[in-house]
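Q: I am new to this structure and would be grateful for a close look at one part of it. Please take a single residue as the starting point and describe its surroundings in a connected way.

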Amino acid sequence: MDESSLVGSIQMKELLDRATTRQARVVFIGDGKQLPAISAGKLFSELQNRQAVEIVKMEEVLRQQTLLGQRVVHHIKQYQEGKVENLNHAFDLLSGHKNIVEIPDKQERISALVNDFVSRADDYKDTLIVTSANHDRVLINEAIRPVLKEAGKIDKTDIPVNIKTPQSISGTGKYFAANYEIGQSAFVSADIEQTNLPHLKAGQEVTIIGKDTIKNSITVADARK
């Protein structure tokens, strides 16, 4: 069973009970420090801590192919085992090989990123930029596209495309008109189709053209018209 740390205590017990009944052998694979159980309990870690099962550790690093990557992983592993100073050793290794570059000014940081990205010739297509903020994603895209156009790597003609972005309204919030905005699109669900509105079909797109928070109602129009 892979990623065993994800399994809660009840599910783990059910599995072990069935294995016992069928006299089967179960091999648990996972890392208790990595992914926690989805439901209650952390029996995978407890079985190891109490030495209730035979434990075999995979010590050989297979994912990292370079010596630098293997050394960094070694230090991180040592850090996970309680040697706090090894985390600094891992970052020092990465910084020493220029795998980490820190630029405090945001605009300078984006410019440096763009220059590095477009300097990769055709390899830029296989280069992935990861950012934690959606706003930064927009800024980076807006900075990269003109440079790629100027270099002739992408077509200079822009084709505007409207993209629908889902709005997250959880729980009972979707039943209150105040949570909707005029101009938003909505799609008819199957349960609405069963009401006294026969002209609305499941999957049909409508546009919100008005709302009344006092009466808790919204007014929609067929988006196709």
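Is Lys149 buried or exposed, and what is its relative accessible area?

A: The model under discussion is a predicted one. In this model, Lys149 has a relative accessible area of 14%. The limit for a buried residue is under 20% relative accessible area, so Lys149 counts as buried.

The position of Lys149 in the chain comes next. Lys149 belongs to helix H6, which comprises residues 134-150. When residues up to four places away in sequence are left out, Lys149 is in contact with Ile154, Asp155, Lys156 and Asp158.

One of these contacts, Asp158, is also a charged partner of Lys149. The two side chains form a salt bridge, with a distance of 2.7 Å from N to O. In general terms, side chains of opposite charge can pair when their charged atoms come close. The partners differ in their exposure: Lys149 is buried at 14%, whereas Asp158 is partly exposed, with a relative accessible area of 48%.

Asp158 has a further partner in Arg145. The closest N and O atoms of Arg145 and Asp158 are 3.2 Å apart, and this pair too is a salt bridge. Arg145 lies in helix H6, while Asp158 lies in the loop between H6 and strand S1 (185-187). The pair thereby links distant parts of the chain, 13 residues apart. Arg145 is partly exposed, its relative accessible area being 41%. Taken together, Arg145, Lys149 and Asp158 are linked in a network of salt bridges.

Helix H6 also takes part in a salt bridge through another residue, Asp136. The partner of Asp136 is Lys106, and the closest N and O atoms of this pair are 2.7 Å apart. Lys106 is located in helix H5 (residues 106-118) and Asp136 in helix H6, so this salt bridge ties together parts that are 30 residues apart in sequence. Asp136 counts as buried, at 19% relative accessibility, whereas Lys106 is partly exposed, with a relative accessible area of 35%.

For the wider setting, the structure holds 5 salt bridges. Among them are the pair of Lys149 and Asp158, the pair of Arg145 and Asp158, and the pair of Lys106 and Asp136. To return to the starting point, Lys149 is a buried residue of helix H6, and its side chain meets that of Asp158 in a salt bridge.

How values were computed:
Residues are numbered from 1 along each chain as its sequence is written. This is a predicted model: local features need pLDDT of at least 70, side-chain atom pairs count only at pLDDT 80 or more; totals for chains, interfaces and linings use all residues. Side-chain values use heavy atoms; hydrogens and water are left out. A salt bridge is a side-chain nitrogen of Lys or Arg within 4 Å of a carboxyl oxygen of Asp or Glu. Helices (H or I, at least four residues) and strands (E, at least two) are DSSP runs, numbered from the N terminus. Buried means under 20% relative accessible area, exposed over 50%, partly exposed in between (1.4 Å probe, protein chains only). Contact means heavy atoms within 4.5 Å.
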